[in-house]
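Here are my notes on this one, in numbered points. Have the structure open while you read, and check each point against it.

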Amino acid sequence: MTKKQRAELVQSELDKLYPTTPIPLDHTDPYTLMVAVALSAQTTDKKVNQVTPNLFEVAGTPQRMARLEVFQIKELIKEIGLSNTKAKNLKGMAELLLERHNGVVPQTYEELEALPGVGHKTASVVMSQGFGFPAFPVDTHIHRLMTQWKLTSGKNVVETERDAKKLFPEEVWNKLHLQIIFYGREYSPARGKGEKDFITKMMFEK
């Protein structure tokens, strides 16, 4: 099976499994999405969704977040890993949004990635899921599965993202990156043995 055939198989099977792709992080606008994604680093989406209702009730806008002290933000997100750093980032993010963008989430990678706590992956999620621009955010599930499926020889997520964008048509990027994440969680968890990972078996078992 060629790389192109493997890519087509992935797209076809994932469309059958996940015809719709609800965004896993609860949010109401690009700002709350960006906050949720920033909180999700090294934490499950489920845990983030448990914490954000109380956080957004108190600080669901940059104006309200900026008014809080770091210790107050930390108290609201203390159940999440790296809460010290994330609390500082959320306050800094809100202040910079107000200072540079009148409290409106910008729509360019450069401006997003200049915000505290916003790396390329978070910016990509905001661009794709918040604003509908074609993007292919790569997390650990996607990096691992793309490598497992021999669709990338990427040594890091940057190279994997580049390879994914070459292999798959732009119009499916926003949906496909979520489909791969859902598949990884359900059929090929990092700590599992991959018995349920039927896509890999279809590719490589004779």
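1. Start at the C-terminal side, with E205. This residue is exposed, because its relative accessible area is 56%, over the 50% cut-off. You'll find E205 in the segment after helix 12 (198-204). For a sense of distance, P169 is 36 residues away from E205 along the chain, and the C-alpha atoms of the two are separated by 27 Å. Keep in mind throughout that this is a predicted model.

2. Next, helix 11, residues 173-187. Its 15 residues reach 20 Å from the first C-alpha to the last, close to the 21 Å expected at 1.5 Å a residue. Helix 11 is mostly covered, with eleven of the 15 residues buried. The buried set is W173, L176, H177, L178, Q179, I180, I181, F182, Y183, G184 and Y187. And what does the covering of those buried residues include? Helix 1 (3-17), helix 8 (120-130), helix 9, helix 10 and helix 12 are all part of it.

3. Helix 6 gets the same length check. It runs over residues 83-101, and its 19 residues should span 27 Å at 1.5 Å a residue; the end C-alpha atoms are 26 Å apart, which agrees. Right after helix 6 comes N102, with a positive phi near 55 degrees.

4. Which residues of helix 6 are buried? They are S83, K86, A87, L90, K91, G92, M93, A94, L96, L97 and H101, so note that two lysines, K86 and K91, are on the list. These buried residues pack against helix 2 (30-39), helix 3 (45-59), helix 4 (62-67), helix 5 (70-77) and helix 7 (109-113).

5. Look at helix 5 against helix 6 in particular. Their axes come within 8 Å and cross at roughly 125 degrees, and the two helices are therefore oblique to each other. The crossing of helix 5 past helix 6 is right-handed. On the helix 5 side the contacts come from V70, I73, K74 and I77, and they meet S83, N84, K86, A87, K88, L90 and K91 in helix 6.

6. Now the loop between helix 2 and helix 3, which holds both Q42 and T43. Is each one buried or exposed? Q42 counts as exposed, at 73% relative accessibility, whereas T43 counts as buried, at 16%. T43 touches V48, I80, G81 and K86, leaving aside residues up to four places away in sequence. K86 also turns up among the helix 6 residues that meet helix 5.

7. A backbone point on Q42: its phi is positive, near 55 degrees, and Q42 is not a glycine. Most residues other than glycine have a negative phi. K150 is another case, again a residue other than glycine with a positive phi near 55 degrees. K150 sits in the loop between helix 9 (140-148) and helix 10 (157-167). With a relative accessible area of 51%, K150 is exposed.

8. Last, the annotation. UniProt, in an unreviewed entry, places the feature "domain: HhH-GPD" at residues 39-186. In the model, that span is 67% helix and 0% strand, and its end C-alpha atoms lie 22 Å apart.

Key: Residues numbered from 1 in each chain as written. Predicted model: local features only at pLDDT ≥ 70, side-chain atom pairs only at ≥ 80, totals over all residues. Heavy atoms only, no water. Helix = DSSP H or I, 4+ residues; strand = E, 2+ residues; numbered from the N terminus. Expected span 1.5 Å × (residues − 1). Buried < 20%, exposed > 50% of the residue type's maximum accessible area, 1.4 Å probe, protein only. Contact = heavy atoms within 4.5 Å. UniProt positions renumbered as here; feature names shortened; annotations may be inferred. Axes fitted to C-alpha atoms, helices over the stretch in contact; angles between N-to-C directions. Parallel < 35°, antiparallel > 145°, perpendicular 65-115°, else oblique. Left-handed = near helix turned anticlockwise from the far one by under 90°.
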